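Below is a short briefing on one protein model. Please look at the sequence and structure first.

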Amino acid sequence: MKSINSKQLGGFHMKKNKLSWLFLSLMMTALSLGMSACSDDEETVPEFPTAQTISCSAGDTPTLAFTANMTWQLSSSALWCKFVSNGTEYTDLTGEAGTQSISLKITDDALNFTESTAKITLTMGGQSQEIATVTRAADTYDVTLLDGENELSTIAIGTTGDLTITVETNFKYALDLSSDKFTLIQVKGSENQYIIAVAEGYQKNPIAETEDVKLSILNENKDKIKEYAVTYTGMDPNSIKISGVNKWGWSVTMDGTDFSYTDPASQATVSVGNSVTYTVTALNDDYQFFYMLEGGGQYWYYAEGDEGLWLHATKDGENVTIKADAVSFASKGYVFAFPAAKYETVMASTNINKAIDESFIDTYQSNVIMEVSQKNASTGFTVRNGLTWETLDCQLYTGDYLEPFNSEYSVSAENIYQVTASAGSSLMAYPSLSATEWEGNAVAYDSSLQTIEGILEPSYDETGMMYLQISIPSTQEGFMFVVFRGTDYLNKKILFINIQ
């Protein structure tokens with residue numbers, strides 16, 4: 001067995017001690033390094049800034065300022081809020097410790113009509129915290145109303161009674177009209193064009209702003225976004241509207257008790273009694289009547305109250321009633337209505353009781369209320385004694401010559417009349433034909449069907465009405481008759497005279 005001496009042991013112990021001290025030294029160094037690392041971590045705890053609020057609108061570029069004590073990262077919760085660095089936009093941004101001034105870009109992405117918010121979060125040292133709330137203002141409701149290319153602040157409708165408007169908005173809208181005095185119709189084929197018009201029954205007088213008529217623009221929630229006052233200037237002061245059953249071809253009996261006209265569809269005679277009503281629409285109901293009556297182969301102007309005026313119109317607002325006086329002669333007349341502004345112009349060119357050219361009717365056709373002929377429906381003639389002016393009894397002819405009168409002279413039975421008179425007397429015969437139908441042309445025949453010369457003379461009475469003066473020869477016996485020939489050279493009527 002090999003022995004170990006103390007010298008050897010002593011050396012071994014020395015080596016062992018040296019190793020122990022080396023291990024201890026290494027342990028102390030490691031401990032020192034660990035303690036040093038813990039101390040460094042405590043010094044770099046992230047310090048977050050106080051949270052802030054930023055108010056802005058789309059298109060703004062506000063600044064976010066903060067201080068970071070270590071490497072940091074920013075993030076935004078909304079795509080419309082971005083970070084800008086060196087001209088580049090980011091939704092996340094990183095940087096080193098220090099004082100920071102970050103530009104934000106606020107876009108119009110997802111912009112609507114309520115406020116929107118974005119949260120900005122700062123991350124440092126593994127920790128995150130919201131450091132800013134960005135509030136973007138709601139979008140503004142934009143409304144533009146156009147008349148053609150002209151922007152409107154109010155809707156003023158002129159004398160035409162309507163206006164086409166264009167609505168431009170940045171939102172879905174609805175229109176609301178606050179009054180039934182106007183109508184609103186969308187233009188066919190257009191999404192944003194409308195016709196606003198004065199409603200039937202309100203087209204006469206002005207509608208002022210004081211009447212508080214509004215056109216409102218509403219959003220999808222029916223909230224009123226904008227409103228426009230709607231006004232109307234009223235009718236053109238020079239225009240007039242006349243409505244009624246008929247204006248042309250009226251007849252009225254000599255006693256004024258029965259107005260009638262021929263229905264154009266059925267050709268039947270329609271009787272309406274002793275008056276005819278019309279509706280005359282003019283600005284503020286301000287209109288005047290103008291009468292034009294036939295007399296002496298000419299037309300004359302008459303005013304209400306003039307002697308010889310047998311037609312009369314009365315008004316109650318826009319309601320007009322026309323009546324006729326009883327007369328002993330046939331005539332034809334017209335009633336016109338002129339708005340006050342135009343009446344003065346017409347009167348300036350027309351003198352009272354002065355002759356008026358028939359072209360006046362064509363010129364002012366739209367102002368005619370009624371055209372009417374007054375004639376006796378039962379006899380078709382008014383015959384007076386030429387000396388006493390007494391009206392004689394004149395009736396439809398029922399004698400033996402009806403057929404010859406019809407075949408030889410082309411005059412039907414309803415236009416052949418008879419009267420009794422003395423030889424040598426004088427008659428005034430009104431054939432109930434207008435001046436446009438008859439101008440005094442007639443032929444007299446005796447019982448032998450021979451013409452009688454020199455006994456007929458057209459003339460005019462004190463009212464200007466044309467009649468035929470018939471001087472019966474003192475030697476005339478039996479009967480005679482007079483054929484009345486029209487302006488178209490056709491025979492119109494026959495007056496058969498029994499001689500007593």
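The points below cover a sheet, a helix with its surroundings, and the nonpolar cores.

The model is predicted. An open sheet of 5 strands is described first, then helix H2 (residues 340–348) and its buried residues, and last the largest nonpolar core, with 33 residues.

**The five-stranded sheet**

- The strand order in this open sheet is S1-S9-S8-S3-S6, and the pairing is mixed.
- Strand S1 (52–56) and strand S6 (92–95) form the edges, each pairing on one side only.
- From one strand to the next, the twist averages 20°.
- Strand S8 (residues 116–124) and strand S9 (residues 127–136) run antiparallel and are joined by 9 bridges.
- Ala118 has Val134 in S9 as its bridge partner.

**Helix H2**

- Tyr343, Val346 and Met347 are the buried residues named in helix H2 (residues 340–348).
- These residues lie on the same side of H2 because they cover an arc of only 95° around the axis.
- An α-helix has 3.6 residues a turn, so residues three or four places apart point the same way.
- Glu344, Thr345 and Ala348 are exposed, on the face of H2 turned away from its buried side.
- The buried residues of H2 pack against strand S24 (287–295), strand S25 (298–302), strand S28 (331–339) and helix H3 (359–363).

**Strand S28 and its partners**

- How many of the 9 residues of S28 are buried? The count is 9 of the 9, so S28 is largely enclosed by the rest of the structure.
- In a regular strand the side chains alternate between the two faces of the sheet.
- In S28, Ser331, Gly333, Val335, Ala337 and Pro339 point one way, while Lys332, Tyr334, Phe336 and Phe338 point the other way, and all are buried.
- S28 pairs with S24 in the antiparallel sense over 7 bridges, and Tyr291 has Val335 in S28 as its bridge partner.
- S28 also pairs with strand S30 (residues 368–374), again in the antiparallel sense, over 6 bridges. Here Phe336 stands opposite Val368 in S30.

**Nonpolar cores**

- The largest nonpolar core has 33 residues, of which Phe289, Trp310, Leu311, Val320, Ile322 and Ile369 touch the most other members.
- S24 supplies the largest share of this core, 4 residues.
- Leaving out residues up to four places away in sequence, Val320 touches Val276, Thr277, Tyr278, Val280, Tyr287, Phe289, Ala313, Thr314, Lys315 and Ile369.
- A second, separate core has 24 residues, among them Val383, Leu468, Ile470 and Ile497.

Technical notes: Residues numbered from 1 in each chain as written. Predicted model: local features only at pLDDT ≥ 70, side-chain atom pairs only at ≥ 80, totals over all residues. Heavy atoms only, no water. Pairing = 2+ DSSP bridges. Helix = DSSP H or I, 4+ residues; strand = E, 2+ residues; numbered from the N terminus. Axes fitted to C-alpha atoms, helices over the stretch in contact; angles between N-to-C directions. Buried < 20%, exposed > 50% of the residue type's maximum accessible area, 1.4 Å probe, protein only. Arc of directions from axis to C-beta. Contact = heavy atoms within 4.5 Å. Core = buried A, V, L, I, M, F, W, Y, C linked by side-chain atoms within 4.5 Å.
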